[in-house]
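Good morning, and thank you for coming. Please look at the sequence and the structure while I speak.

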Amino acid sequence: VTAPHADELIAEYLARLETALAPIPSARRQELLDDVRAHIAEARSALSDETDADLLNILDRLGDPADMAADEIGRQEPSRPAQPPQRNSRGLEIAAIVLLLLFWPIGVVLLWISDAWTTRDKLIGTLVPPFGYLGTFVLGPLLLWGTISTTCETLSDGLGHVFSSTCPSAGSQAAINIGLAVVVIFYLLGPILSAVYLGVRLRRRPRRPTSTDRADPTPPANESASPMAGARL
Amino acid sequence: MLTSEGTMYPLLGRLRRDGLVQSVWKESPTGPPRRYYQLTAEGQRTLSAFRDEWTTFRAAVDTILETGGAP
C-alpha cells in the first residue's frame, strides 16, 4: 500500500533539493536528483506497507537538501574555470612531441617553451637522439658512410705474406659492427622512444597546479588521501 | 561527519569524478534499478595507500591517548 501523500512529500523534497542545487551545472544536478530518487525508491521498496510517517522518516534520514547542496557546492573543483587555457597548452605539448619526430628544430623550441616537463625530461627529449629524425637522415648516413669508407688495403706478396694491412682484425670488425648497430638502433628507435617517454611523463601529471589550485588549502587529491578526511567516513 | 544519508551522494560523485570509483545501473530483483559502485584500479591504489597512512595515523593516536591518558 502506498502512503497517502507519498507523491506530494517526495515531489516537495526533490523540489527543495533542486532549488538548493541551483548553482551546480545542470548535468551534475540531474545526476544527484537521480541518485536521491533512486535512494527513495529503494527505501520504499523495502516496505510492504508504507505510511506517510515511513516516508517522512526516509526523507529525514536523507537529510536537509541544503546540507547535501552545501556538501556538493563546497567541493566543486576549483580548477574547473582554469581548464580551457590548460587544454590549449596541452595542444602545445602534443605539437612539441609530434614536431620532435617530424621537424626537430621547432619541436625542441616547443619542448622548452612548455612548462609541462621537468628539465630532465626536456634534456632527454632533446638529446635522444640529437636532432631527432633529422639526425637520423642527415647524420646517420654520414656516420654509416664514414664507417664503410674506411675500407682496408692489404699489401701482400701474393704468397700469403702480408706486408702491411689497414684491415681491422676480426674482433675489432665485430666491435665496429656492434657499434654500428647500436648507432642505427639509437637513431631509428630513439625519436620514437623519447616521444613515448614524453607522452608518458605528460600523462603522469594530468593537471598542472593553477593559481586557483594553489589558493585552495585542501586540494581534493590530498584530502582523500589524508587520515583526517578518512575520519569523516 | 556525515550527518545524513543524502550527503553520501556528493561524496560518491566526487570519488567518481576523481576516477576512484565507477558505477553502473543494474536491475534489482526486488525494486527499482540500483546504481552499483566499484573501485577502479586507481581507487584500489589510493585505498591501499590510505590504509598504510591510516595505520600509521591510528598508531600515533593510540600512542598519544595511552601515554597521555595514563596518570
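**Salt bridges, surface and interior**

I begin with A:Asp34, which is partly exposed because its relative accessible area is 35%. Here, buried means under 20% relative accessible area, exposed means over 50%, and partly exposed lies in between, with a 1.4 Å probe and protein chains only. Before I go on, please note that this is a predicted model, in which local features need pLDDT of at least 70, side-chain atom pairs count only at pLDDT 80 or more, and totals for chains, interfaces and linings use all residues. Residues are numbered from 1 along each chain as its sequence is written, chains are lettered from A and ligands numbered from 1 in the order in which they are written, and side-chain values use heavy atoms, with hydrogens and water left out.

What does A:Asp34 meet in a salt bridge? Its side chain meets that of A:Arg37, at 2.9 Å from N to O. A salt bridge is a side-chain nitrogen of Lys or Arg within 4 Å of a carboxyl oxygen of Asp or Glu. A:Arg37 is partly exposed, with a relative accessible area of 38%. The two residues are three apart in helix 2 (residues 26-45) of chain A, so about one helical turn separates them. Helices (H or I, at least four residues) and strands (E, at least two) are DSSP runs, numbered from the N terminus. As a general point, an α-helix has 3.6 residues a turn, so residues three or four places apart point the same way.

A second pair is found in helix 1 (residues 6-20) of chain A, where A:Glu12 and A:Arg16 are four residues apart and are separated by about one helical turn. Their side chains meet in a salt bridge of 3.5 Å, N to O. A:Glu12 is partly exposed at 44% relative accessible area, and A:Arg16 is partly exposed at 41%.

Let us now turn to a salt bridge between chains. A:Asp35 forms a salt bridge with B:Arg35, and the closest N and O atoms are 2.4 Å apart. A:Asp35 lies in helix 2 of chain A and B:Arg35 in strand 2 (residues 34-39) of chain B, so this pair joins two chains. Are A:Asp35 and B:Arg35 buried or exposed? Both A:Asp35 and B:Arg35 are buried. In addition, salt bridges that share partners join A:Arg28, A:Glu31, A:Glu72, B:Arg16 and B:Arg17 into one network. Over all chains, the count comes to eleven salt bridges.

Helix 2 of chain A also holds A:Val36. At 0% relative accessibility, A:Val36 counts as buried. A:Val36 and A:Leu59 are 23 residues apart in sequence, and their C-alpha atoms are 9.7 Å apart in space.

Next, consider helix 6 (residues 104-113) of chain A, in which A:Trp104, A:Gly107, A:Val108, A:Leu110 and A:Leu111 are buried. Seen down the axis of helix 6, these buried residues fall within an arc of 165 degrees, so they line one face of the helix. The arc is that of the directions from the helix axis to the C-beta atoms.

A:Trp104 appears again in the lining of the second largest cavity, with A:Leu100, A:Gly125, A:Val128, A:Pro129, A:Gly132, A:Pro191, A:Ser194 and A:Ala195. On a 1 Å grid over the protein atoms alone, a cavity is a set of points where a 1.4 Å probe fits but cannot get out, and lining residues have an atom within 4 Å of a point. The volume of the second largest cavity is about 40 Å³. Helix 9 (residues 170-204) of chain A gives the most to this lining, with three residues. There are two cavities of 30 Å³ or more.

On the surface, a nonpolar patch of about 640 Å² is made by A:Ile94, A:Val98, A:Leu102, A:Phe103, A:Ile106, A:Phe131 and A:Leu134. Patches of this kind are made of residues with over 30% relative accessible area and no salt bridge, with nonpolar side chains (Val, Leu, Ile, Met, Phe, Trp, Tyr) joined within 5 Å. Helix 5 (residues 83-102) of chain A gives the most to the patch, with three residues. A:Ile94 lies in helix 5, and at 48% relative accessibility A:Ile94 counts as partly exposed.

I close with the two chains. Chain A has twelve helices and two strands, and 31% of its 233 residues count as buried. Chain B has two helices and two strands, in the order α-β-β-α along the sequence, and 25% of its 71 residues count as buried.

Notes. Patches are made of residues with over 30% relative accessible area and no salt bridge: like charges are joined within 9 Å, nonpolar side chains (Val, Leu, Ile, Met, Phe, Trp, Tyr) within 5 Å. Accessible areas come from the Shrake-Rupley method with a 1.4 Å probe; for residues, only the protein chains shown count as cover. On a 1 Å grid over the protein atoms alone, a cavity is a set of points where a 1.4 Å probe fits but cannot get out, and a pocket is an open set with protein on both sides within 12 Å along at least five of seven lines; lining residues have an atom within 4 Å of a point. Grid points are joined across faces, edges and corners, and a volume is the space filled by probe spheres set on the points.
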